[in-house]
2 protein chains.
Amino acid sequence: MNIGIIGLGSIGASLAGDWRQAGHVVVGVSRRQSTCDLAIERGFIDRGSTDLEILTGLDVLVICTPIADILPTLARSIAVIDPETIVTDVGSVKEAIVAPATKIRSNFIGGHPMAGKATSGIEAAELGMFAGKPYVLTPLESTPQRAIDLLTQLAIDLNARLDLAAPTEHDRAVAWISHLPVMVSASLIDACTQEQDRSVLGLAQKLASSGFKDTSRVGGGNPELGMMMARYNQAAILDAIAIYRQQLDRLEQAISTNQWAEVTAILEHTQNARPDFVKVPIP
Amino acid sequence: MNIGIIGLGSIGASLAGDWRQAGHVVVGVSRRQSTCDLAIERGFIDRGSTDLEILTGLDVLVICTPIADILPTLARSIAVIDPETIVTDVGSVKEAIVAPATKIRSNFIGGHPMAGKATSGIEAAELGMFAGKPYVLTPLESTPQRAIDLLTQLAIDLNARLDLAAPTEHDRAVAWISHLPVMVSASLIDACTQEQDRSVLGLAQKLASSGFKDTSRVGGGNPELGMMMARYNQAAILDAIAIYRQQLDRLEQAISTNQWAEVTAILEHTQNARPDFVKVPIP
């Protein structure tokens with residue numbers, strides 16, 4: 001296939017590299033020529049430009065910009081791309097993107113390749129980043145079958161695990177397992193910093209070890225990215241926080257009323273439930 | 001020194017092994033003779049018995065039972081140990097232990113060697129488990145200097161990082177960085193299991209990756225241990241949960257009212273604050 005990529009960050013450049021390795025021809029667009037040059041030098045793309053005009057004759061255009069730029073980028077690209085080019089994105093939220101994007105371009109299909117890398121930029125790009133990782137496609141009723149077929153093939157070429165879901169299903173699922181953890185984890189750090197006794201705070205900082213480190217990791221991540229999750233997945237994340245608070249309240253209530261059997265029962269439930277979410281890695 | 005250990009689980013047997021290696025004579029008491037035999041075979045202790053009568057001529061007695069058994073074990077041991085033997089414990093909460101223990105035995109000193117291991121039992125014991133890890137002592141005004149001096153030496157023999165704190169300071173610090181994370185993390189798992197749409201729940205389980213895995217780890221741990229933390233550190237953990245909820249409410253409020261600059265500011269604060277708790281390991 002002929003593939004165009006807009007945005008040569010860690011996701012865009014990594015996708016490009018894998019697809020080029022699978023035998024596709026890949027052209028890239030970045031705001032900076034130096035990024036295009038680096039992407040060519042590293043073998044991620046065949047040709048690159050700062051100009052959208054390069055994006056002709058494509059089977060698929062993949063928009064790999066930050067979430068807030070996806071729709072404006074789509075609107076600008078449709079002036080230059082061929083009418084039959086399938087367009088997709090890699091945004092981590094789908095409902096806020098897919099409905100308006102499909103209005104702009106009927107052969108748009110939402111996509112979310114999940115790499116789970118914290119670092120960004122072309123320097124963080126690498127081959128094989130999506131192997132064994134989920135790649136969610138979120139077609140609508142109106143999405144052309146050809147769009148699903150092409151993206152399915154491209155996901156296979158990455159050795160990714162393909163899933164199909166409605167945009168709202170995707171957004172609710174990632175609210176639970178990706179966006180809610182960020183807010184829960186950030187509030188943990190935030191709460192600890194509220195300790196007014198400086199000797200207790202100092203001791204807490206000294207004693208914190210692997211448990212705190214793991215629980216606080218995603219809450220100490222990129223603030224802009226966390227804000228974007230909340231902004232573009234607002235309804236699902238607010239639902240998730242509301243249910244989260246109910247569960248925390250139930251646990252707090254059990255603790256404050258000395259219902260130790262109930263506290264144990266809650267923690268047995270969570271111990272039993274976790275393995276359904278945390279898979280043993282495939283060797 | 002002559003050291004006695006009651007409870008040859010992962011903490012007790014590991015302490016015994018390190019201290020024996022440092023040149024001390026260590027005798028151990030376990031409920032099962034087979035555990036004593038294994039501890040001798042592995043070189044953790046010099047002699048072992050199921051009978052407390054073995055605990056004579058000691059400089060220090062270290063009670064390494066689960067939290068709930070510390071005070072009853074202390075009460076039973078004082079009938080057999082020498083009057084001058086210093087007694088300490090390894091419980092992860094201190095206020096609930098130190099005050100009553102000191103009433104039973106004036107030369108008691110609270111201690112908390114923090115290994116951060118999830119597994120338990122003598123099979124999980126190993127040498128060097130406490131090297132570079134915190135060892136908190138919680139002396140009272142009335143605690144004999146000799147108790148502080150002996151335990152300081154024993155912490156040095158483990159290559160542990162010694163900290164002195166009041167029992168309440170210790171308990172508030174561990175509430176923040178150890179006990180609150182368990183409750184926060186457990187409620188995250190619990191909330192996710194409340195999803196009523198089976199296809200969304202299934203997708204969430206498929207898509208969960210490193211972010212969810214880390215944030216949920218301590219909430220999926222030993223239920224009995226989590227309950228004991230709450231039970232014996234009830235006041236501090238309830239305070240911590242209350243402040244945690246305020247911070248979560250503030251974040252939720254900012255999200256629900258579209259205050260994106262405020263959401264970003266909160267996440268910048270947590271990104272900046274986390275390194276004060278999460279140290280780069282000393283090479």
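This is a guided tour of a predicted model, stop by stop.

**Stop 1: the sheet of chain A**

Start with the strands of chain A. Eight of them form an open sheet, in the order 3-2-1-4-5-6-7-8. Its pairing is mixed. Go to the edges next: these are strand 3 and strand 8 (161–164) of chain A, each paired on one side only. From one strand to the next, the twist averages 25°.

Now select strand 4 (residues 60–63) and strand 5 (residues 86–89) of chain A. The two run parallel and are joined by four bridges. Pick Leu61(A): its bridge partner in strand 5 of chain A is Val87(A).

Add helix 3 (residues 67–77) of chain A. Helix 3 lies across strand 1 (2–6), strand 4, strand 5 and strand 6 (108–113) of chain A. Against strand 4 of chain A, helix 3 runs at about 150°.

**Stop 2: Ser49(A)**

Stay in chain A and select Ser49(A), which lies in strand 3 (residues 47–49). Is Ser49(A) buried or exposed? Its relative accessible area is 15%. Buried means under 20%, so Ser49(A) is buried. Show its surroundings: leaving out residues up to four places away in sequence, Ser49(A) touches Gly28(A), Val29(A), Ser30(A), Gln33(A), Cys36(A) and Ile54(A).

**Stop 3: the sheet of chain B**

Switch to chain B. Here too is an open sheet of eight strands with mixed pairing, in the order 3-2-1-4-5-6-7-8. Strand 3 and strand 8 (161–164) of chain B are the edge strands, and each pairs on one side only. Ignoring direction, neighbouring strands of this sheet are turned by 25° against each other on average.

Select strand 2 (residues 25–29) of chain B. Strand 2 is mostly covered, with four of its five residues buried. Then add strand 1 (residues 2–6) of chain B, which runs parallel to strand 2 and is joined to it by five bridges. One pair to label is Ile3(B) with its bridge partner Val26(B) in strand 2 of chain B. Trace the backbone between these strands: the chain crosses from strand 1 through helix 1 (residues 10–21) to strand 2 of chain B. This β-α-β crossover is right-handed.

Move on to strand 3 (residues 47–49) of chain B. Three bridges join strand 2 and strand 3 of chain B, and the two run parallel. Label Gly28(B) and its bridge partner in strand 3 of chain B, Gly48(B). The route from strand 2 to strand 3 of chain B passes through helix 2 (residues 33–41), in a right-handed β-α-β crossover.

Next, select strand 6 (residues 108–113) and strand 7 (residues 134–138) of chain B. These run antiparallel, joined by four bridges. Gly110(B) has Thr138(B) of strand 7 as its bridge partner. Add helix 4 (residues 95–104) of chain B. Helix 4 lies across strand 5 (86–89), strand 6 and strand 7 of chain B. Helix 4 runs at about 155° to strand 6 of chain B.

**Stop 4: helices between the chains**

Show both chains. Select helix 6 (residues 167–192) of chain A and helix 10 (residues 234–256) of chain B. Their axes come within 8 Å and cross at roughly 130°. Helix 6 of chain A and helix 10 of chain B are therefore oblique to each other. Their crossing is right-handed. Among the contact residues are Met183(A), Leu188(A) and Ala191(A) on helix 6 of chain A, and Tyr244(B), Leu248(B) and Ile255(B) on helix 10 of chain B.

Then take helix 11 (residues 260–273) of chain A and helix 9 (residues 223–232) of chain B. Their axes are 8 Å apart, and the packing angle is about 140°. That makes helix 11 of chain A oblique to helix 9 of chain B. The crossing of helix 11 of chain A and helix 9 of chain B is right-handed. The contact includes Trp260(A), Leu267(A) and Gln271(A) of helix 11 of chain A, with Pro223(B), Met227(B) and Arg231(B) of helix 9 of chain B.

**Stop 5: Val200(B)**

Finish in helix 7 (residues 198–207) of chain B, where Val200(B) is found. Val200(B) counts as buried, at 0% relative accessibility. Which residues does Val200(B) touch? Not counting residues up to four places away in sequence, the contacts are Glu169(A), Arg172(A), Ala173(A), Trp176(A) and Glu195(B). For a last selection, add Thr102(B), 98 residues from Val200(B) along the chain. The C-alpha atoms of Val200(B) and Thr102(B) are separated by 54 Å.

Conventions. Residues numbered from 1 in each chain as written. Chains lettered and ligands numbered in written order. Predicted model: local features only at pLDDT ≥ 70, side-chain atom pairs only at ≥ 80, totals over all residues. Heavy atoms only, no water. Buried < 20%, exposed > 50% of the residue type's maximum accessible area, 1.4 Å probe, protein only. Pairing = 2+ DSSP bridges. Right-handed = clockwise from strand over helix to strand, strands pointing away. Contact = heavy atoms within 4.5 Å. Axes fitted to C-alpha atoms, helices over the stretch in contact; angles between N-to-C directions. Parallel < 35°, antiparallel > 145°, perpendicular 65-115°, else oblique. Left-handed = near helix turned anticlockwise from the far one by under 90°.
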